[in-house]
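Hello,

Here is the structure I promised to hand over. Please open it first, then read the notes underneath.

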Amino acid sequence: MALGKYAPEAIERKWQKIWQDSGCFEVETDPSKPKYYVLEMFPYPSGKIHMGHVRNYSIGDVVARFKAMQGFNVLHPMGWDAFGLPAENAAIKHETHPAKWTYQNIAEMRDQLKRLGYSYDWRREIATCRPEYYKWEQKFFLKFLEKGLAYRKNSPQNWCPTCNTVLANEQVEEGLCWRCDSEVEQKDMEQWFLRITDYADELLDDLGILEGGWPERVLTMQRNWIGKSYGAELTFQVKDMDESITVFTTRPDTLFGSTFMSVAAEHPMVEKLTADADNKDEIDKFIKNIRDMDRIKRGADDLEKEGIFTGRYCVNPVTGKDIPIYIANFVLMGYGTGAVMAVPAHDQRDFEFARKYKLPMQAVINPPALHEKGETLDAADLDAAYTDPGYMIHSGQFDGMENEPAKKAIVEHLDKSGKGVMAVNYRLRDWNVSRQRFWGAPIPVIYCDKCGVVPVPEEDLPVLLPENAQVRPDGKSPLPDMAEFVNCTCPQCGAAARRETDTFDTFFESSWYYMRYCDPRNEEQALGNQPLDYWMNVDQYIGGIEHAILHLLYSRFFTKALRDTGFVRNDEPFANLLTQGMVLKDGGKMSKSKGNVVDPNAMLAKYGADATRLFILFAAPPVKELEWSDQGIDGAFRFLNRLWRLVEDLEPVLTPEVPTTFTDPASDTAKELRFKEHDTIRRATRDIENEFQFNTVIAAIMELVNELYQVKDGLRETEPKALSSAIATALTLLSPVAPHICEELWEAMGHADRLTDQPWPAFDEKALVKDEVTLVVQVNGKVRGKFQAPNNAPKDEAEKIALSLENVAKYTEGKAVRKVIVIPNRLVNIVVG
């Protein structure tokens, strides 16, 4: 077989067709084989893949191919996160229908992914916008509703005026919509929620299961988002009203220093508190302004504190003093009870507020330094709140106690009078899954004037999204105006009724897709037990750090909720998580506005899939940011050409050997090549298994190729089998990274079987033992020479040779040798003085 010039596109299309026709990446549930499930986060079908996709999917493909070569039954699927705002907004912009836009983009992106040679089992492909997918999540919702995990309530919501829909808290970033960067408003709406808070403790505790498999940074982000805090709920009686206000605090030790109360503008007591206020109009205007503010901004430390007096007072339960009640912009209903006992001497936000509105301060925690001197802290001397530990002062019977044990003592004291109790609070809020947009899965409920909220019967699923609907230029959903969709019959009483016109948040779809891959064509069950039990959990999940909270937290919750409704048996979805770094260019994230986007199609056309994959895996470790370099991809292409020319040059003498079959070197050159071959296998295996360090794996293979160039002419006639074995090893190790060229060169060696079907080679420890080794000689810590010695030479022999070296003698002459340290096979360190 004459190789000729390296032509990437022709070679790559040839092997992609062979793989597809043979179904070599198609797998079945087979309990007799060990399984490995590798998955990259599936893409939104935007129409074109970008270099971030290429990096993500190339990492996953190397893992999939490597594990298959190790003998695992590897599941490696692909699909499309096809519902949601991006597709709908893009369709509106291009004056087309979201369905048409989405399916066209899927077809284009599928072709791009196939062009890159990824080892997907395309029979398992799913698209979340297809009824055969979303009918199952409609069933899940009905089960959640039946179990009490889904409920409907009216509450202030994050509203994006540009996207015309509600956003979950996690979808608001610094006060802006995560999709369009519009400023988010607050709007009271009736919405559907899932009780993720019921799982707060389990979600938190089970992070321990994921330690070692997930990046610590992601675990920390989830812990912080769940935000479990221990404290107390304390009751303040409202003066002159038969009402009380409950607060949650983590600092009951500071209760004696509470000099005013702050409540959120949304607090249910606000209307009663301000009903008789002389400045009611002013208060209502203030409340409206606060409610229109973004909740993220309201919680920011640098927010300018603002408030207004309600005209009412409440009673501090330990001092008995009347303290004023304020409405404050920094207090949120989303944490605790929406009311805060303000202790300005020991909380910085309260301190700033009290300074601004000239409210009293009372110090109740004394710094240890003052306590030792017998002095007490005066709040008037404070330039900022004192928030460190100390001793109780101005706190009645608790004076002199350290503040930490005083927390429990004060709550136990209040518990006797029914004014306080120990409590736990969470930052996590229930998940709002309602969206007021068209391109999503319809929520399967019906509203009947007589029966109320009625679930759609399971036999009537799916509730189909009418794909003949005309999307509106302003983004508002057309569903409420479609009589043929809205008008229906109540399944309970037969009366005229109305369908829900909200659709599910797109994260609803992405929270369970990885399970559907296990049994994607099952028309009787969402999740077949045998395939699910075999394939789940996902052994290796790969995606960006930006999904640490939204997608990953929702997926963990969904798994537990599906377990509790009888669909699955596992507790966690992803055993191991790799969060790859971004692809940068010119020091910044690629974006059209910066003009620094690299088009994968252009790279494929110029260099081919193998060179593109090779560069993106060689340029940086997977978890680090990758700086795109035109010189770098040129270098990757040159290396593949160099490999090609090596095989082309040696083709007449090569035989179809498999790795490590050369075992009897007759010359030192062949012996050294055999050592390099086995050492490369050792390094490659170690570095892939150690956090997927593909860059060092590739570097080791490049070194082996360099060695082959140095020795090929000397071994061509005498020991060609040594060359064949080493080249077979280089091709096998490189094949997960650059599979097409390796298949072609493997075939050129005379192999009748595919390289894809070869096992990962094993190294022989005996081949790594050298007859001679190089030892470095140091004098007083500085390198002064090197010498060759027999492997494991005795220490006295190594010492004798080292001292005899001419250059070493120059630095020891006339000096006393105080000590000689010999590290076998590595180092001789001579200490003189």
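The notes below go from the whole chain to its helix contacts, its cavities and its backbone.

**Overall**

Keep in mind that this is a predicted model. The chain has 833 residues, and 56% of them count as buried. It holds 28 helices and 34 strands. Along the principal axes, the C-alpha trace spans about 105 × 85 × 50 Å. Take the contacts with a separation of 6 or more: 73% of them come from residues 24 or more positions apart.

One pair gives a sense of scale. Asp-181 and Arg-686 are 505 residues apart in sequence. In space, their C-alpha atoms are 44 Å apart. Asp-181 sits in the loop between strand 8 (176–177) and strand 9 (185–194). Asp-181 is exposed, with a relative accessible area of 53%.

**Helix contacts**

Two packed helices are described by the angle between their axes and the distance between the axes. I looked at two contacts, and helix 21 takes part in both.

Start with helix 21 (residues 609–618) and helix 26 (residues 739–748). Their axes come within 7 Å and cross at roughly 120 degrees. An angle of 65 to 115 degrees would count as roughly perpendicular. This crossing falls outside that range, so helix 21 is oblique to helix 26. Helix 21 brings Ala-609, Asp-610 and Arg-613 to the contact. Helix 26 brings Pro-739, His-740 and Ile-741. By type, the residues of this contact are three nonpolar, one polar and two charged.

Now the other contact. Helix 2 (residues 51–69) packs against helix 21 with the axes 10 Å apart. The angle is about 90 degrees, so helix 2 and helix 21 are roughly perpendicular. From helix 2 come Met-51, Val-54, Arg-55, Ser-58, Ile-59, Asp-61, Val-62 and Arg-65. From helix 21 come Thr-612, Arg-613, Ile-616 and Leu-617. The residues here divide into six nonpolar, two polar and four charged. Note Arg-613: this residue of helix 21 is in the contact with helix 26 and in the contact with helix 2.

**Cavities**

Rolling a probe the size of a water molecule over the atoms shows where empty space is left. How many cavities of 30 Å³ or more does a search of the whole structure find? The search finds three. The largest cavity holds about 160 Å³ of space.

Its lining has 18 residues. Nearest the centre of the largest cavity lie Gly-84, Leu-85, Arg-435, Asp-505 and Thr-506. Helix 3 (85–93), strand 6 (165–167) and strand 25 (503–504) each supply at least two residues of the lining. The lining is mixed in type: seven nonpolar, six polar and five charged residues.

Helix 3 deserves a closer look. Seven of its nine residues are buried, which leaves the helix mostly covered. The buried ones are Leu-85, Pro-86, Ala-87, Glu-88, Ala-90, Ala-91 and Ile-92. Leu-85 is thus on two lists: it is buried, and it is among the residues nearest the centre of the largest cavity. The cover over the buried residues of helix 3 includes helix 4 (98–115) and strand 6. Strand 6 also supplies residues to the cavity lining. Just after helix 3, Glu-95 takes a positive phi of about 55 degrees.

**Backbone**

Most residues other than glycine have a negative phi, and most peptide bonds are trans. Some spots in this model depart from that.

Two cis peptide bonds to check:

- Leu-461 to Pro-462 is cis, with omega about 0 degrees. Pro-462 is in the loop between strand 22 (452–455) and helix 15 (483–486).
- Met-536 to Asn-537 is cis, with omega near 5 degrees. Asn-537 is in the loop between helix 18 (529–535) and strand 26 (540–544).

Two residues with positive phi, besides Glu-95:

- Glu-691 has phi near 65 degrees. Its loop runs between helix 23 (668–689) and helix 24 (694–715). Glu-691 is exposed, at a relative accessible area of 59%.
- Asn-825 has a positive phi of about 65 degrees. Its loop links strand 33 (817–823) and strand 34 (827–832). Asn-825 counts as partly exposed, at 23% relative accessibility.

Best wishes

Methods: Residues numbered from 1 in each chain as written. Predicted model: local features only at pLDDT ≥ 70, side-chain atom pairs only at ≥ 80, totals over all residues. Heavy atoms only, no water. Axes fitted to C-alpha atoms, helices over the stretch in contact; angles between N-to-C directions. Helix = DSSP H or I, 4+ residues; strand = E, 2+ residues; numbered from the N terminus. Parallel < 35°, antiparallel > 145°, perpendicular 65-115°, else oblique. Contact = heavy atoms within 4.5 Å. Nonpolar A, V, L, I, M, F, W, Y, C, P; charged D, E, K, R; others polar. 1 Å grid on protein atoms, 1.4 Å probe; cavity = no way out; pocket = protein on both sides within 12 Å on 5 of 7 lines; lining within 4 Å. Points joined across faces, edges and corners; volume = space filled by probe spheres on them. Buried < 20%, exposed > 50% of the residue type's maximum accessible area, 1.4 Å probe, protein only.
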